[in-house]
Each structure stands twice: as C-alpha cells, then as structure tokens.
Amino acid sequence: MAEGPALYDLHRFAGRPDDRSQFAADWNAIVTAAGLKDTLLRFVDTLHRLSGVPPQSLGLRRAVLLFGPPGCGKTSLARGLPYAWQRADPQRQAGFLHVNTHALFSGMRGGGQKLILQLFQEIGEQASTGIPLFVLVDEVETLGSNRGGISLETNPLDAMYQVTAFLESLDMSVRDSPDVTFLFTTNIPRAIDRAVRERVDFSLEVPPPGPAEREEIMQAALTALAAAYDVGSVRAAAKNQVRDWRWLIQSSDGMSGRAIRHVFVLAATLAVNSAELTIDHVAEALAAVTATEAGLQHAGGMYLESFQGR
Ligand SMILES: Nc1ncnc2c1ncn2[C@@H]1O[C@H](COP(=O)(O)OP(=O)(O)O)[C@@H](O)[C@H]1O
Ligand SMILES: [Mg+2]
C-alpha cells in the first residue's frame with residue numbers, strides 16, 4: 001500500500017447503540033426543521049429496502065446528497081446517520097466508511113487513479129460481508145476544484161482521469177455492491193454540480209436554521225456554558241421571552257448553526273473575568289460578529305459563513 005494518509009476511517013455499528021459516541025453527539029447536536037432527520041432516515045430505509053432490486057430497473061444510484069451552506073450540519077448529519085439508522089432497530093448492523101478526500105488527491109504523479117481504484121476495491125471488500133455500508137464522501141464538489149489545483153504540479157490529464165475513475169468506480173459499485181449507500185455533501189447551495197446530481201437518488205437541502213431552531217441552538221449552547229459559568233439570568237430571560245432574548249433570535253437570522261454556537265464562545269470571552277454570563281455578554285458578542293461580518297463583506301465581498309443568508 002502506498003505511503004501517505006489513510007484513504008478512509010471505518011467504524012461499525014451493531015448491538016446496543018452507543019448514545020455517548022461521537023456519532024451520537026454529531027447527530028444529536030444538529031437542530032433541524034421538523035422532519036428533516038426523519039426524511040433522511042426514510043431515504044436510507046428506502047435504499048435498504050431496494051437493495052435486492054437490480055439498479056438498472058429503477059435507475060438507482062444508491063446515493064444521497066446533502067447540500068446547503070457551510071456550517072449548517074451536513075457533515076454532522078452524514079456522520080451520525082449510520083448510528084441513527086442502526087439505533088432505530090438494534091437488530092441492524094451497519095458500517096460507516098468516511099473517505100478521506102484529501103488523501104485521494106495527494107497529487108502524486110500518476111497515482112490519483114490508483115488511489116481511487118484502491119479505495120473502491122476496499123469499499124467492495126468491506127461491503128462483501130452483506131452488512132449495510134455507508135460511505136461518506138464529504139464536500140464532494142472538491143473533486144472538481146482539486147482537479148484544477150493539482151493540475152499545476154502534475155499532469156492535468158492524470159487529474160482528469162482520476163475524476164473519471166471516481167465516477168466510473170461509483171457506477172461500478174452501484175452494480176456490484178447493493179449494500180453500499182453513498183452519502184455526499186456539498187456546500188454549493190443551489191447549483192449542484194451536474195456530475196454529482198446525476199449520481200444520486202435523493203438530494204436534501206440542509207438550510208440555515210430558522211427562528212425556532214436558532215432558539216434551540218442558543219439554549220443548547222447555554223446548557224454547555226452552564227458547566228463553566230452562571231447562566232441563570234440568561235435562562236430566565238429565555239424562559240420569559242424578554243425583549244433582549246427575542247432580539248438575539250431575530251438578529252441571528254441567516255447565521256449558520258456553527259456561527260450561532262460561536263457567538264456563545266465569544267460571549268464567554270467577554271465574561272471570562274466574571275462569575276456570571278449575562279444576556280448583555282451574548283448580545284455584545286452577537287453585535288460584534290454582525291459588525292465584523294458587515295465590515296468584511298463591504299470591504300471585499302468575501303463569502304462569510306455566519307451571514308450566508310443575506
Ligand atoms: N443545524 C445546526 N444545529 C446546531 N448546531 C449546528 C447546526 N449546524 C451546524 N452546527 C454546529 O456546527 C458544527 C459544524 O457543522 P457541520 O456538520 O460541519 O456543518 P457543514 O458540514 O454543513 O459545514 C456542528 O458540530 C455543530 O456544533
Ligand atoms: Mg461539512
């Protein structure tokens with residue numbers, strides 16, 4: 001096997017689900033609109049149920065795409081999905097293979113295709129046990145951009161062949177490994193790359209959190225901070241829906257889940273020398289983030305995660 005970073009990480013889920021695992025934490029941390037997680041599980045149930053159906057008869061791709069702006073939970077949902085699917089019925093077993101996309105594109109001359117073939121051979125071997133195997137290719141759109149990146153150092157044809165090898169290997173896997181479900185994520189919110197779109201059965205948008213979800217994320221962040229700070233007054237403000245609390249929810253419109261959690265980290269820095277973390281600390285942190293984002297956007301038109309909705 002070639003030297004270099006591992007091509008993938010592999011985990012198995014069987015028996016009593018481990019609700020304290022990192023996968024459970026990933027799944028549970030994500031606050032989504034009602035039904036999104038159920039929809040995702042239903043897609044997977046459907047593909048599982050259709051595993052005996054010849055893919056040609058329904059044009060099956062055995063793949064699900066999660067798309068949406070960064071920081072809104074795609075990777076976490078994809079990582080947690082095998083856990084959540086197995087948890088729904090502990091008789092089930094599942095494998096989870098997280099492809100290390102960067103290792104695939106390490107750019108050794110002529111090596112790209114080989115790495116892809118090696119990866120898919122190993123996926124095939126892992127899947128030959130008959131246990132459903134989830135394969136996550138995170139940020140699948142980097143396949144395209146990496147193609148441009150490595151072409152400077154290596155033969156551009158090699159890079160192109162590598163992408164072709166990836167797409168062909170996917171097609172082959174669909175035919176040969178009915179127990180594999182591919183999970184793709186992409187940050188391209190609406191314009192999904194055609195090569196990807198044509199290779200999935202289901203696409204699901206994971207949008208920025210709405211007001212109810214933002215409030216729940218803030219509550220969760222407060223609970224986390226309560227281990228280190230007295231957050232009683234903020235909790236009371238939330239409970240009584242005071243105007244300052246409602247302002248936080250309104251003003252975080254368009255922010256990603258990750259950015260909202262980060263506001264509470266900033267608030268913690270503002271309160272680091274006091275016993276109590278107050279709603280003023282949170283409001284100041286949010287205002288600071290808002291001002292920085294607005295300034296940066298004005299300055300350079302940069303793409304900023306915390307204000308992707310505007
Ligand atoms: N909808 C959400 N609800 C709560 N937290 C979120 C949400 N989306 C993102 N986060 C936070 O941001 C972190 C990173 O999210 P991630 O799954 O990597 O997003 P993406 O893959 O869409 O960029 C999560 O671990 C979580 O702490
Ligand atoms: Mg991600």
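Which polar backbone atom lies 2.9 Å from a nitrogen atom of ligand 1? That backbone atom belongs to Val-31. The model is predicted. Ligand 1 occupies the largest pocket, and 15 residues surround the ligand.

**Polar contacts**
- Val-31 meets a nitrogen atom of ligand 1 through its backbone, at 2.9 Å.
- Cys-72 also uses its backbone: one of its N or O atoms lies 3.2 Å from an oxygen atom of ligand 1.
- Thr-75 uses its side chain, where an N or O atom is 2.7 Å from an oxygen atom of ligand 1.

**Cover and pocket**
- On its own, ligand 1 has 560 Å² of accessible area, and the protein covers 85% of that.
- The space that ligand 1 takes up is the largest pocket.

**Make-up of the shell**
- Val-31, Gly-71, Lys-74, Thr-75 and Ser-76 are the closest of the 15 residues around ligand 1.
- Sorted by class, the shell holds seven nonpolar, five polar and three charged residues.

**Where the shell comes from**
- Two elements each give two or more residues to the shell around ligand 1: helix H4 (74–87) and helix H13 (257–270).
- Both domain 1 (8–205) and domain 2 (211–297) take part, and each supplies at least three residues to the shell.

Terms used: Residues are numbered from 1 along each chain as its sequence is written. Chains are lettered from A and ligands numbered from 1 in the order in which they are written. This is a predicted model: local features need pLDDT of at least 70, side-chain atom pairs count only at pLDDT 80 or more; totals for chains, interfaces and linings use all residues. Side-chain values use heavy atoms; hydrogens and water are left out. A residue is near a molecule or strand if one of its heavy atoms lies within 4 Å of it. A polar contact is a pair of N or O atoms within 3.5 Å; within protein, one must be able to donate a hydrogen and the other to accept it, and residues adjacent in sequence count only if both atoms are side-chain atoms. Accessible areas come from the Shrake-Rupley method with a 1.4 Å probe; for residues, only the protein chains shown count as cover. On a 1 Å grid over the protein atoms alone, a cavity is a set of points where a 1.4 Å probe fits but cannot get out, and a pocket is an open set with protein on both sides within 12 Å along at least five of seven lines; lining residues have an atom within 4 Å of a point. A molecule sits in a cavity or pocket if more than half of its atoms lie within 2 Å of its grid points. Helices (H or I, at least four residues) and strands (E, at least two) are DSSP runs, numbered from the N terminus. Ala, Val, Leu, Ile, Met, Phe, Trp, Tyr, Cys and Pro count as nonpolar, Asp, Glu, Lys and Arg as charged, and the others, Gly among them, as polar. Domain bounds come from an automatic or database domain assignment.
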